[in-house]
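Me: I am new to this structure and should be grateful for a close look at a single strand and its pairing. Please set that strand in its context and then continue to other parts of the model.

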Amino acid sequence: MPRRRDFPTGGEVASEDLVGRERIVRDLYERAYVQGNPIVLSAPRQTGKTSVIAELLRRVRKAGGWGIKIDCSRATSVEDFAELVASDTYAEAAGQRDAFAKLGDLLRNIPRPMLYHADSEIALTFHASDRHVAVGQRLATALGLADRLAEEKRVRAVVVYDEFPTLRKISAKLFDQIRAELQHANKSTSYVYLGSEVGVLATLFKDRRRMAFRLGTTIELPSPSTAEWVTYIERRFRELGLPRAAGEARSLVTFTGGHPRDLMEACEHLLTLRKLDPATPNLLELAQEKTYSGLERNFELLWELLEEPKGTRETAVRIASGQRVYGRGRDAMSVKRSVDKLGDEGIVRKVGRGQFEFTEPLFGEYVRRTRNRS
């Protein structure tokens with residue numbers, strides 16, 4: 001359980017700071033752990049999916065199951081991914097000494113030492129004559145490892161593949177093998193596929209031409225309501241002994257558009273300012289400006305990402321300004337490529353025919369200010 005911070009501005013948050021997430025956590029628990037169904041959870045960056053998944057896995061473990069989380073973005077090759085899957089799977093199962101011995105039996109064809117268990121002082125060393133065959137065997141065995149161990153121990157397991165779309169950068173064929181292995185490794189295990197590149201994730205699981213098609217049911221992470229945020233902020237300021245002024249909580253929600261990370265940044269700035277000098281005039285406005293200034297460097301990096309394909313920045317400006325994206329002499333295919341880029345990165349979402357909005361409203365504000373400076 002993570003240490004509770006005044007207002008968590010990044011990383012996994014404590015259970016009591018999961019605002020408006022109880023319903024989705026219960027839904028994921030029922031679908032994945034109780035019913036054993038695969039799930040695809042889609043959400044842009046910094047909107048709370050990591051904390052939601054952490055809470056899901058806490059509840060799985062509390063119920064006696066195994067909760068395994070694999071950060072796919074850490075893998076740099078197929079071999080690396082196989083080792084990551086096996087290592088993280090064993091880490092969860094390592095409470096039983098014989099689980100490590102079982103892992104050795106399963107991975108006999110690995111051509112080099114892969115895992116070391118400090119408690120038993122055992123290293124696993126394996127050899128294979130054909131390197132390519134060994135890599136394929138390693139990946140197949142690693143992918144099915146959770147289900148084999150869970151079935152043997154008569155427990156249920158939930159395996160989370162975080163940032164799943166990043167695996168496309170390793171190999172175009174990697175998803176084929178994942179599908180081939182995991183669709184059969186489900187006797188005691190269910191899978192949750194996560195990603196902040198929401199457009200890419202959607203394409204993987206909804207496009208019939210993709211091997212990941214129909215590998216899981218897609219669920220979008222819902223946003224907390226304004227009322228839920230206001231209730232939380234007001235209660236948290238009271239708990240910290242610094243009650244807020246009337247209307248401040250709602251103003252902060254409006255300013256950030258309810259974006260979880262940005263809102264927590266704003267609350268933290270307001271809390272700090274109030275601690276330092278509660279008599280300072282215009283504390284709310286000062287906290288808002290500090291929030292925007294603190295995020296500006298991140299926004300600059302995101303803006304650089306939009307240099308390609310050509311026209312993406314113009315499309316972003318049009319969305320931020322409430323203008324029509326298509327038409328007015330713009331090439332339709334070029335516009336589509338720019339819209340796809342913004343959607344794939346989880347920067348904008350479609351809200352109507354030809355209409356889009358920023359998933360992080362303050363980045364939309366940054367785009368408007370950038371255009372005014374240019």
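Reply: Two strands are said to pair if DSSP finds at least two bridges between them. The model in which this term is applied here is a predicted one.

The setting may be given first. The protein has 374 residues, and buried residues make up 48% of them. Its secondary structure comes to 14 helices and nine strands. Of the contacts between residues at least 6 apart in sequence, 69% join residues at least 24 apart.

The strand chosen for the close look is E6, which covers residues 189-195. It pairs with strand E1, residues 39-42, in the parallel sense, and four bridges connect the two. Within this pairing, Val 40 stands opposite Tyr 193 of E6. Strand E6 also pairs with strand E5, residues 157-162, again in the parallel sense, over five bridges. There, Val 160 has Val 192 of E6 as its bridge partner.

How far is E6 enclosed by the rest of the structure? Seven of its seven residues are buried, so the strand is largely enclosed. The cut-off behind that word is a relative accessible area under 20%. Both faces of E6 are covered. One side carries Thr 189, Tyr 191, Tyr 193 and Gly 195, and the other carries Ser 190, Val 192 and Leu 194, all of them buried. Tyr 193, opposite Val 40, and Val 192, the partner of Val 160, therefore belong to opposite sides of a strand that is largely enclosed.

From the strand, the account passes to the helices. Two packed helices are described by the angle between their axes and the distance between the axes. For helix H8 (residues 226-239) and helix H10 (residues 260-276), the axes come within 12 Å and cross at roughly 30°. Angles under 35 degrees count as roughly parallel, and H8 and H10 are therefore roughly parallel to each other. Their crossing is right-handed. On the H8 side the contact is made by Trp 229, Tyr 232, Ile 233 and Phe 237, while H10 contributes Pro 260, Leu 263, Met 264, Cys 267, Leu 270, Leu 271 and Arg 274. These residues divide into ten nonpolar, no polar and one charged.

A second pair consists of helix H9 (residues 248-256) and helix H11 (residues 283-305), whose axes come within 11 Å and cross at roughly 30°. H9 and H11 are therefore roughly parallel to each other, and H9 passes H11 in a right-handed crossing. Glu 248, Ser 251, Leu 252 and Phe 255 of H9 make this contact with Leu 284, Gln 288, Thr 291 and Tyr 292 of H11. Here the division is four nonpolar, three polar and one charged.

Two aspartates complete the account. Asp 17 lies in the segment before helix H1 (22-34), and at 7% relative accessibility it counts as buried. Leaving aside neighbours within four places in sequence, Asp 17 is in contact with Arg 4, Arg 5, Pro 8, Tyr 232 and Arg 236. Tyr 232 is also one of the H8 residues in the contact with H10.

Asp 88 has its place in helix H3 (residues 78-93) and is buried, with a relative accessible area of 19%. With the same neighbours in sequence left aside, Asp 88 is in contact with Ile 68, Lys 69, Ile 70, Asp 71 and Arg 74. The C-alpha atoms of Asp 88 and Asp 71 are separated by 9.3 Å, and the two residues are 17 apart along the chain.

How values were computed:
Residues are numbered from 1 along each chain as its sequence is written. This is a predicted model: local features need pLDDT of at least 70, side-chain atom pairs count only at pLDDT 80 or more; totals for chains, interfaces and linings use all residues. Side-chain values use heavy atoms; hydrogens and water are left out. Axes are lines fitted to C-alpha atoms, for helices over the stretch in contact, and angles run from 0 to 180 degrees between N-to-C directions. Angles under 35 degrees count as roughly parallel, over 145 as roughly antiparallel, 65 to 115 as roughly perpendicular and the rest as oblique. A crossing is left-handed if the near helix is turned anticlockwise from the far one by less than a right angle, and right-handed if clockwise. Contact means heavy atoms within 4.5 Å. Ala, Val, Leu, Ile, Met, Phe, Trp, Tyr, Cys and Pro count as nonpolar, Asp, Glu, Lys and Arg as charged, and the others, Gly among them, as polar. Buried means under 20% relative accessible area, exposed over 50%, partly exposed in between (1.4 Å probe, protein chains only).
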